[in-house]
Amino acid sequence: MQALTNRLKQVERKPMSLLERMYLPAIFKGMIITFGHMFKKRPTINYPEKTRPFSPVFRGLHILNRDEEGRENCTACGLCAVACPAEAITMEAAERKESETHLYREEKYAAKYEINMLRCIFCGLCEEACPKDAIYLSETFAPADYQRKQFIYKKEDLLIPNPITDPEGYKKAAGNRVQLNANK
Ligand code: SF4
Ligand code: SF4
C-alpha cells in the first residue's frame, strides 16, 4: 500500500501480559480516578433548590411592566414588535375608557399582547425599542414544556404583579431591577 504521507507508523500488537489479562490494574486505576473526584469541589449544583447567580447582563423571560400605581405601562405602540428580529411579538391595541385610568397609564393600551418564546432569541431589542419602560427581560427562564402552544406567552403570563395589591410578588418578579431603580 502506498502511503500518502511520511507519518505512517506500524502499530505493534503485543500479546497481553497475565496482569493485563486480569484487567485488575486498569480497574484500580479507574477507581483511583473515581475516588479522587469524590474529594474535589463539585462543579454541579442541586438545581432547582439551588441556583447560580445570574450575570448582570443576563436576558431571560419578558416582563410587562407597571408603574408605581399598578397601571400597565404599555401603550401598544408596536415598536417592540417592529424591532423584534424574530417576529415573536404580536399585539392588539385598544382605547382606554374613562373608567380605566387606574388600569392603564396611557390612552391606548395592549388589549392583547403575545410573545412566542420558541421564536424569541432573547436579544433584548424589544426592551431597547420600548419608549415607555413597558417591557424588559428578567432573570427567569421560560420553563420547559411538551406542547408548543405553552410557549405562546399571553399578556396575563407576562404582566408583573401589581405593586399595590401584591407588593411581595412585584418585588420578587422585579428582582434586581427594584434595587437598581432604588439606586438611581
Ligand atoms: S428578546 Fe429579541 S427576539 Fe425576543 S421578543 Fe424581544 S426583540 Fe424579539
Ligand atoms: S411594550 Fe413598549 S414598545 Fe412594545 S408596544 Fe408596549 S409600549 Fe410599545
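Q: A residue is buried if 20 or more other C-beta atoms, placed from the backbone, lie within 10 Å of its own (exposed: 12 or fewer; partly exposed: in between). How many of the 15 residues of α2 are buried?

A: This is a predicted model, where local features need pLDDT of at least 70, side-chain atom pairs count only at pLDDT 80 or more, and totals for chains, interfaces and linings use all residues. Residues are numbered from 1 along each chain as its sequence is written, with chains lettered from A and ligands numbered from 1 in the order written. In α2, the number buried is zero, so this helix lies largely in the open. Helix α2 covers residues 24-38. Helices (H or I, at least four residues) and strands (E, at least two) are DSSP runs, numbered from the N terminus.

Q: Is T75 buried or exposed?

A: T75 has 20 C-beta neighbours inside 10 Å, so T75 counts as buried. T75 sits in the loop that joins β1 to α3 (79-83). Leaving out residues up to four places away in sequence, T75 touches E106, K108, Y109 and K132; contact means C-beta atoms within 7 Å. Y153 is 78 residues from T75 in sequence, and their C-alpha atoms are 18 Å apart.

Q: What is the strand order in the open sheet?

A: Strands pair if DSSP finds at least two bridges between them. The order here is β2-β3-β5, three strands with antiparallel pairing. β2 (89-95) and β5 (152-153) are the edges; each has a single partner strand, so one side of each lacks a neighbour in the sheet. β3 (residues 108-116) joins β5 over two bridges. The partner of I115 in β5 is Y153.

Q: Which residues touch the most other members of the largest nonpolar core?

A: Nonpolar side chains tend to be buried together in soluble globular proteins. The core has 21 residues, and L64, C74 and I89 touch the most other members. β1 (62-64), β3 and α6 (167-174) each give two or more residues to this core. β3 supplies the largest share, four residues. Beyond four places in sequence, the contacts of L64 include C74, Y113, A134 and I160.

Q: Which residues come nearest to ligand 1 and ligand 2?

A: A residue is near a ligand if its C-beta atom lies within 6 Å of it. Ligand 1 has 14 residues around it, with C84, C120, C123, L125 and C126 nearest. That shell holds 13 nonpolar residues, one polar and no charged. Ligand 2 also has 14 residues around it; C74, C77, C80, C130 and A134 come nearest. Its shell has eleven nonpolar, two polar and one charged.

Key. Ala, Val, Leu, Ile, Met, Phe, Trp, Tyr, Cys and Pro count as nonpolar, Asp, Glu, Lys and Arg as charged, and the others, Gly among them, as polar. The expected span of a helix is 1.5 Å times one less than its number of residues. A nonpolar core is a set of buried Ala, Val, Leu, Ile, Met, Phe, Trp, Tyr and Cys residues joined through C-beta atoms within 7 Å. Two residues are in contact if their C-beta atoms, placed from the backbone, lie within 7 Å.
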